[in-house]
Amino acid sequence: MSAPGGGSISAEQLKARYVGTGHADMSKHEFLTNQHRDTYASHIGHYDQLFYYSVAQNQAVGRVRLEFLEKMVQPCGPPPKRTEVERLLEK
Amino acid sequence: MAVDEAKTSGDGGDAIPVSSVAMKLLDMRLKPSSAIVTSVAGEFTAAGNHEIVIARSGGTLELHRIVQGKSDKEDEEDDEEDPPTVIKLVARVETRSVLRSLCTVRLTGDKRDVVAVGADGGALSVLDFEGGGTGKIVHCCDYGKTGCRRSTPGQYVAADPKGRAVMIAAIEKRKLVYVLNRDATGKPTIASPLEAHRGRAITFDAVGLDNGYDNPIFAAIELQYPESGDAAELPNADQVEKQLAYYELDLGLNHVSRRWATTTHRTACCLAALPGGNDGPGGVLVGGEDWIEYLHEGLTLDSNNLTRLAATIPRRTLHPTEKGILITKITVHKQKKSKFFALAQSELGDVYKVTLELDPADKTKATGMVISLLDTLPIANALNVSKLGMLFLAAQVGDHHLYQFERIDLPDAQTCTYEQANAAYQKLITKEGGAKFLTTTTAAQLAPNFKPTMLKNLRKLFTLDNPSPTTAVMVGELAGNEVSPQIYTLTGSGPRSALRIIRHGASVSELAVSELPGIPGGIFTIADNSAGSTGTNRNDQYIVVSFADATLVLSVGETVEEVGRESGFLTNAPTLACSALGNDGALCQVHPAGVRHIQHGQARQWHCPGLKRIECASSNESQVLIALSGGEVIYFQLDPQSGNLTECATRDMGADVCCLDVGTVPEGSSRSLFAVVGCRDQTVRIVSLEPGNLLHQQSSTALKSRPHTCILQRMAGEAPDGKNKNAILDELVLVIGLDDGSALRATVDSVTGSISTSHTKRFLGARPVAVSRISLESRASSLLLSSRPWISRLDPTSGKHIMAPLSYTPLDHGCSFRSDAVKEGVVATAGKTLRILSVDTVGMGGGQEEAFNTQKIDLRYTPRNMTLLSAGTGNPAGAPESRKIIVAVVESDYNEYGQEAKIAMGFDGTGGAAAASSGGGKANDDSMDMDEGSDDEGDKKMDTEEGDGMDPEEKEARKTPIRGPVPNAPGHWGSCVRLLDPSDACRTLDCVEMNRNEAALCCASVRFHSKGGEPLLAVGTVTNMTLQPLRQTASYIILYRVVNRERLQLLHRTAVDDGPVLALAHFQGRLLVGIGKSLKLYEMGKRQLLRKCELRGLPTYVKTLQTAGDRAFLGDMMQSVHIVRYDASANRLVLVAADPNPRPIVSQELLDWNTAAVGDKYGNISILRLPRGSDTGAVDFTGQRALWGSSREDAAPRLEQLCHFYVGEVVTGMTRSSLVAGGAESLIYVTVSGRIGALVPFTSRDDVDFFSQLEAHMRMDVDRPTGRDPLAYRSYYSPVIHVVDGDLCSAFTSLHHTEQSKIAEKLDRTVGEVMKKLEDTRNALL
């Protein structure tokens, strides 16, 4: 992989550029959070899907869109508390 | 996977490759989707035009123009009505991509707007509609990946009001700013993008700030979510701040920076920029729950005050105080003299007018805000205020409307102000600087209440039909007296729910019907040519009806009356042709024995020589052409000097003549130059009527069948090319109706009289086709009568010939009719009746491929499902039982009170004073055998109440749908079951309201063989269901009997556990029910249903269920299709096969015993087939059940995917049916956004090759307005398999001619042949 100028891009840079690319030490929560965010973003982008949900919930499309966007903040709730062992392992 | 393929293809010795036997389908669009994602107003084609660009769901961009009716007719005292204001389609661009956002850009120094489109192509495209063309692609610059991804820009597009830059933003992180410039030649250029990314920031809305000529600034609502990490260190999701951020583009440094940010309301979701610079205060309005804030950098308010300029919105009386009302849309309109106002719409549909109070000394300083209620409108996706004082509203649900502002100063409206909010704040000083003050609770205390009623300040002007959401479809000839089937769709939601009956063709309004003494053999009208009447558009003076041995002459005046011999007509003989001659009131009648010329009340006769009789004849204002038996044709012409009809020429055609037409006299000349003669030897000849060359044959054409009627017609229209508008298309068209029921159209050279070689032939019906000339929208059209009446006309906008059937009973004879009351009518006969009709051209042409007309029947709640019931009289006395088809519809709305509860609250749903009378709302509890079938008292009451001093038209213009009161807690449902009579225009027979939050979700007709096979209606319900989480307190299967073919009688209800009942089906004389994760088979008992057997352990929820023989196909809500077989010997349901792909099924239709088509939640259609022989072991006749003792998913064979296609919209309903009586079947589907499409199976190898090749060429050559590759788009989630995109193929017609001929050459055909093939394929379907 190379940048437009020809210089190579490291994996770190690519990760910074593309949101949601995982890494080896990714936790399940992180993975799922990313997956849910991607899903919500796709639903918001496709009007027909957003509209389908809005009809099912009998709410305005604007409300459903806001709810989905808000859910992107923490789609799977706060991350689980790490145990002392995990904390030590990370260091 | 590879192993599997080997197995299936290597099945037995005579393995046939799947691809060679597989189904190939052609996707054709019958009705484009009508839902609007967003729209923008501006001047796109030329300065001064008021236009709207609409982004339709499904990837179509449309340019519509508001054509104002009362333009320069104000002073004219004309008794003709002003033409109404309409929205006219000007151009349509198929983008083949997912459209997400639009914004107008007015480039510096330009007087027109261009439109910037955010789609899923990973490119910013700028389209220019100059001159009304098809949208020139100015720019299309790629910046990233395709698709609606989280961090690919495209969700928001915002432009600088001065046209210097465009920002395109993604939902998360990425924002790109493009600088627009002009090169030396004045052509707009676009620079490479500047990044304004912000990691972890979710964007809620973005807008270009009006900043005068300072550096362009874009405002965005952002929320930066915390970095993933330890929960203990992270703030709670609710504590994260939402910010309004300004991004400044420094034009000097060519750099974007985040200039300023402020915390805003956490529920903020929409933005609108106010006029700035020297014209206004600048800054933005931020809409959130209950509050609208005005924010701007440098806005300073007194520190004692509420720190932000905010005001709450007036609230509905019945809205719970603890529930917030979200502002979902704000739009700003600049008025003259740098005045402006904003319109904000809430999620309930109430539209508020927002004005800022400006410092009188400094117009750019805001000191206060006023929010007042304007009106209640449908919930909108876009509000476009035009400079004409009109509001275009793109509704989410139901029809789009154009409104006229009647007033915009609202002195008596409910109002909230900043002062009021500030005063309350002073009383209750909170420390958080006002942030904690802007809550729903304070808003509810502050806000005045109102009751939503009809429109007070706006008036409906024009309506665009919008059947979205469409939830189900059914095709069938259920009306009972029509030839071709109707399409029944369940559409709309909440107060705009409706059943729509869609018929192919133009709708016809019947103006008069009267009985005739016999069956007529012909009908004619005679224009008034008396000296007093002048002009080209003359009214008719007589209607002449010819019978086998008599002629009836009716005079047209105030009423239509019979006149006897005083008309001068021979009334004891049939009439073959008649017309008015010249300008002095002379008439001509051709009867079998001769030609009668009536002048000043005196008749002169020309008698047939010898024993010959006149076979057929035709006449116009100056010419008469008759054919004698034996093939002799005689031509008469009116001598303008003497006023005599003189015999001019005779010719023997050499064959018996069966039809002829003398043509029409073109304006400005004295005679028609050509006549057409159809002979029994299956030829049609054009003969000259020029003086020196009389009756000389100019050309002829051979036919496959005998001609029945023929006409020569002048069809005029504008040239299809938009550029040279003055080029008038004027062609002479020959239309021939053949004995075999088809019609043929060819153009005739208006100088030489030669017939063009490319004919268009179309099968119209089972009877010989009678053709006659009529006028539609003051253009010449033809009426073609077979077993169905048809209209053929030249579409003035596209220059194409359009053929459309009329939704009317078969007619025998017809001709045009014009009188004072009926400007453009048709007088026709059907059997022994005479009818005066007028053809409605709405939906015909105007860019639509096919003409459809829609009849709407209002429903109460969102319709979910429908089924057909065959109801008998149930008469005991052994009388022959007559059965009747009834449509049953289940309707339910989440978060809505039932009808009874609403009325008890004083809400009547449609405006007007409440007056909750006891008569309204039919409530019935467990004993649901209802008495009366009357429905929707609410509506009727409204009609009478609103009707005080208002005519119906005015009432209609003021009517607006109002959403019912929102319940405080989740789990409330309003629901009903309804019976409709399709043979009586879908009148409601019975409507049973469910109560106690019970919601009917599905229905099916079932016949229990053990109970005599009487058709019963089974309805699946849930009680107190909440959607998040999906939970319910109980679910039931209710059985109804239809009594007296009109009433529902409750038989019993059976409580079921395990989950909601979402699917029911009749299965081998029993009822098969999908309940949550299980499938159960029920037998009917006396007091409830009796469970016979069940299959547990299905993946999520059974969503769809269909049965064929002993097989059941069930669609799971997440895990695609499963096939289940019933083993009668062991009384077991056995899982036979499953689809390995996870598809969230929304709709399903069986194609045959082994094959099912499914539509999933992402907008794909797939066709799945059970591999041959894979269920042989399922039913065990030996009794050794060990083999299939456990049906494990991995053991079950897998379904093969035959076809796959991305439609682009969620497919909510499918049915296998033909759209013409006796036609081939195709798969008709509807989508949530209102599209009706058909997947047509190919029948020949040649067609497959032709369309596949054409599609391949089109994929390369077609325009890509948003940079999306058509193949990639159709393969959105999974590669397209064996489906040809018919839309893409029909785009061939709009290509440039050189490209067309290039493709046609590669296909080894001419352009005409390709066009004809495309048209024929379409015509075969409809």
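Biologist: Which strand holds B:Val157, and why is this residue called buried?

Modeller: In this predicted model, B:Val157 is found in strand β10 of chain B, which covers residues 156–159. Its relative accessible area is 7%, and because buried means under 20%, the residue is rightly called buried.

Biologist: What is B:Val157 in contact with, once its neighbours within four places in sequence are left aside?

Modeller: The partners of B:Val157 include B:Ser101, B:Leu102 and B:Cys103, then B:Ala116, B:Val117 and B:Gly118, and also B:Val166, B:Met167 and B:Ile168. Each of these counts as a contact because heavy atoms lie within 4.5 Å. By way of a longer span, the C-alpha atoms of B:Val157 and B:Gly1020 are separated by 45 Å, the two residues being 863 residues apart along the chain.

Biologist: Why is B:Arg596 called buried, although its side chain carries polar atoms?

Modeller: The relative accessible area of B:Arg596 is 11%, and since the cut-off for buried is under 20%, the residue falls on the buried side. B:Arg596 has its place in strand β44, residues 594–599 of chain B, and a polar atom of its side chain lies 2.7 Å from the backbone oxygen of B:Gly568. Among its other contacts, leaving aside neighbours within four places in sequence, are B:Phe569, B:Leu587, B:His591 and B:Gln605.

Biologist: How do you know that B:Arg259 and B:Glu297 form a salt bridge, and what does the pair tie together?

Modeller: The side chains meet with N to O at 2.8 Å, and because the rule asks for a side-chain nitrogen of Lys or Arg within 4 Å of a carboxyl oxygen of Asp or Glu, the pair qualifies. B:Arg259 lies in strand β18 of chain B and B:Glu297 in the loop between β21 and β22, so the salt bridge ties together parts that are 38 residues apart in sequence. B:Arg259 has a relative accessible area of 40% and B:Glu297 one of 26%; each is called partly exposed because that class lies between under 20% and over 50%.

Biologist: What makes B:Asp740 and B:Lys761 a salt bridge?

Modeller: Their closest N and O atoms are 3.9 Å apart, which is within 4 Å, so the rule accepts the pair. B:Asp740 sits in the loop between β55 and β56 and B:Lys761 in strand β57, so parts 21 residues apart in sequence are tied together.

Biologist: Why is B:Arg1096 placed in another exposure class than its partner B:Asp1058?

Modeller: The two form a salt bridge, with the closest N and O atoms 3.4 Å apart. B:Arg1096 has 51% relative accessibility and counts as exposed, because exposed means over 50%, whereas B:Asp1058, at 36%, counts as partly exposed. The structure holds 66 salt bridges over all chains, and B:Lys31, B:Asp399, B:Asp465, B:Arg500 and B:Lys856 are linked in a network of them.

Biologist: Which residues touch the most other members of the largest nonpolar core?

Modeller: That core has 95 residues, and those touching the most other members are B:Leu244, B:Val284, B:Leu285, B:Ile292 and B:Met369. Strand β16 of chain B, residues 217–224, gives the most to this core, with 6 residues. B:Leu244 is in contact with, among others, B:Ala219, B:Ile221, B:Trp260, B:Val284 and B:Leu295. Apart from the largest core lies another, of 35 residues, including B:Val473 and B:Phe1250.

Biologist: How much area is buried between chain A and chain B, and what builds the side of chain A that touches chain B?

Modeller: About 4,400 Å² is buried, with carbon and sulfur atoms giving 56%. A:Tyr47, A:Tyr52 and A:Asn58 supply 15% of the area that chain A buries there, more than any other three residues. The contact takes 42 residues from chain A and 68 residues from chain B. Across this interface the rule finds 5 salt bridges, one of them between A:Glu70 and B:Arg266 at 2.6 Å, N to O. The elements giving two or more residues to this side of chain A are α1, α2, α3 and α4, and its residues divide into 19 nonpolar, 12 polar and 11 charged.

Conventions
Residues numbered from 1 in each chain as written. Chains lettered and ligands numbered in written order. Predicted model: local features only at pLDDT ≥ 70, side-chain atom pairs only at ≥ 80, totals over all residues. Heavy atoms only, no water. Buried area = accessible area lost by both parts, 1.4 Å probe. Helix = DSSP H or I, 4+ residues; strand = E, 2+ residues; numbered from the N terminus. Nonpolar A, V, L, I, M, F, W, Y, C, P; charged D, E, K, R; others polar. Core = buried A, V, L, I, M, F, W, Y, C linked by side-chain atoms within 4.5 Å. Buried < 20%, exposed > 50% of the residue type's maximum accessible area, 1.4 Å probe, protein only. Polar contact = N/O pair within 3.5 Å; in protein donor to acceptor, adjacent residues only side chain to side chain.
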